[in-house]
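Please have the sequence and the three-dimensional view open side by side while reading. The paragraphs below move from the loops to the sheet and then to the cysteines.

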Amino acid sequence: MTLDLDSYDLKLLQALQNNARLSNVTLSEMINLSPSQCSRRLQRLEQSNLIKGYFTQLDLDQLGFNVMAFVSVTLEKHGENPAHHFHQEIQKIPTVLDCYTVTGDADYLLRVISPNLKAFSDFLMDHLISITSVSHVKSTVVLDQIKSSHDCPLPE
């Protein structure tokens with residue numbers, strides 16, 4: 001079920017996508033609503049889970065994570081137990097930023113960060129391949145990031 005959004009909701013969402021740290025007063029001024037109306041709308045959007053959370057985007061290079069890669073993983077056996085075990089193990093690895101179940105040749109696609117290629121190789125050999133039921137791993141190292149966005153295009 002989709003939430004019924006009006007132009008004020010869309011302006012509010014766009015403003016928050018641009019800067020999630022805006023105060024309620026600043027938000028209300030930007031979208032031409034009173035602070036109390038703005039606060040009620042924001043609360044409704046949060047309670048409906050349209051707004052899932054707020055986060056800080058960090059510069060991975062400055063933190064020493066100089067390698068990013070996409071890793072395709074294929075499981076040896078399919079079914080509830082091998083998949084569940086894989087899901088549990090992946091949750092334990094903080095350098096796996098994203099994990100998606102996908103269609104095609106692989107079962108999963110991971111976005112992984114690492115300080116360097118040696119550490120990335122160690123992750124593949126010591127952690128990922130050692131997970132029970134992982135049969136095939138294929139990695140693609142990112143050379144340059146052309147675009148990165150967390151903004152979702154909003155309806156007009």
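In which loop does Asn 32 lie? The model is a predicted one, and in it Asn 32 is placed in the loop between α2 and α3, the latter covering residues 35-47. Its backbone deserves a look, since Asn 32 has a positive phi of about 60 degrees although it is not a glycine. With a relative accessible area of 60%, which is over the 50% cut-off, Asn 32 counts as exposed.

A second asparagine sits earlier in the chain, for Asn 19 belongs to the loop that connects α1 (7-18) to α2 (24-31). Asn 19 is partly exposed, its relative accessible area being 33%, and a polar atom of its side chain lies 2.9 Å from the backbone nitrogen of Arg 21. Following the chain for 96 residues from Asn 19 brings the reader to Pro 115, and the C-alpha atoms of these two residues are separated by 29 Å.

Another residue with a positive phi is Ser 133, where the angle is near 85 degrees, again in a residue other than glycine. Ser 133 is found in the loop between α5 (117-128) and β4. Is Ser 133 buried or exposed? Its relative accessible area is 13%, and because buried means under 20%, Ser 133 is classed as buried.

The strand β4 that follows this loop leads to the sheet. Here 4 strands form an open sheet in the order β2-β3-β1-β4, and their pairing is antiparallel. At the edges stand β2 (96-101) and β4 (134-141), and because each has a single partner strand, one side of each is left without a neighbour in the sheet. From one strand to the next, the twist averages 20 degrees. As a general point, strands of a sheet pair through backbone hydrogen bonds, in either a parallel or an antiparallel arrangement.

Within this order, β3 (residues 108-114) pairs with β2 in the antiparallel sense over 5 bridges, while its antiparallel pairing with β1 (residues 67-75) runs over 7 bridges. Which residue of β3 is the bridge partner of Ser 72? It is Leu 109, and Leu 109 also has Tyr 100 standing opposite it, so that this one leucine can be used to trace across the sheet from Ser 72 to Tyr 100. Leu 110, also in β3, is the bridge partner of Cys 99. Of the 7 residues of β3, 5 are buried, so the strand is largely enclosed by the rest of the structure. Between β2 and β3 the hairpin has 6 residues, and in this hairpin Gly 104 takes a positive phi near 105 degrees.

The cysteines can be considered last. How many disulfides does the model contain? When a disulfide is taken as a pair of cysteine sulfur atoms within 2.5 Å, the count comes to 0. Cys 38, for example, is in no disulfide, as the nearest cysteine sulfur, that of Cys 152, is 19 Å away. Cys 38 is buried, with a relative accessible area of 0%, whereas Cys 99, the residue that bridges to Leu 110, is partly exposed at 34% relative accessible area.

Notes. Residues are numbered from 1 along each chain as its sequence is written. This is a predicted model: local features need pLDDT of at least 70, side-chain atom pairs count only at pLDDT 80 or more; totals for chains, interfaces and linings use all residues. Side-chain values use heavy atoms; hydrogens and water are left out. Two strands pair if DSSP finds at least two bridges between them. Helices (H or I, at least four residues) and strands (E, at least two) are DSSP runs, numbered from the N terminus. Axes are lines fitted to C-alpha atoms, for helices over the stretch in contact, and angles run from 0 to 180 degrees between N-to-C directions. Buried means under 20% relative accessible area, exposed over 50%, partly exposed in between (1.4 Å probe, protein chains only). A polar contact is a pair of N or O atoms within 3.5 Å; within protein, one must be able to donate a hydrogen and the other to accept it, and residues adjacent in sequence count only if both atoms are side-chain atoms.
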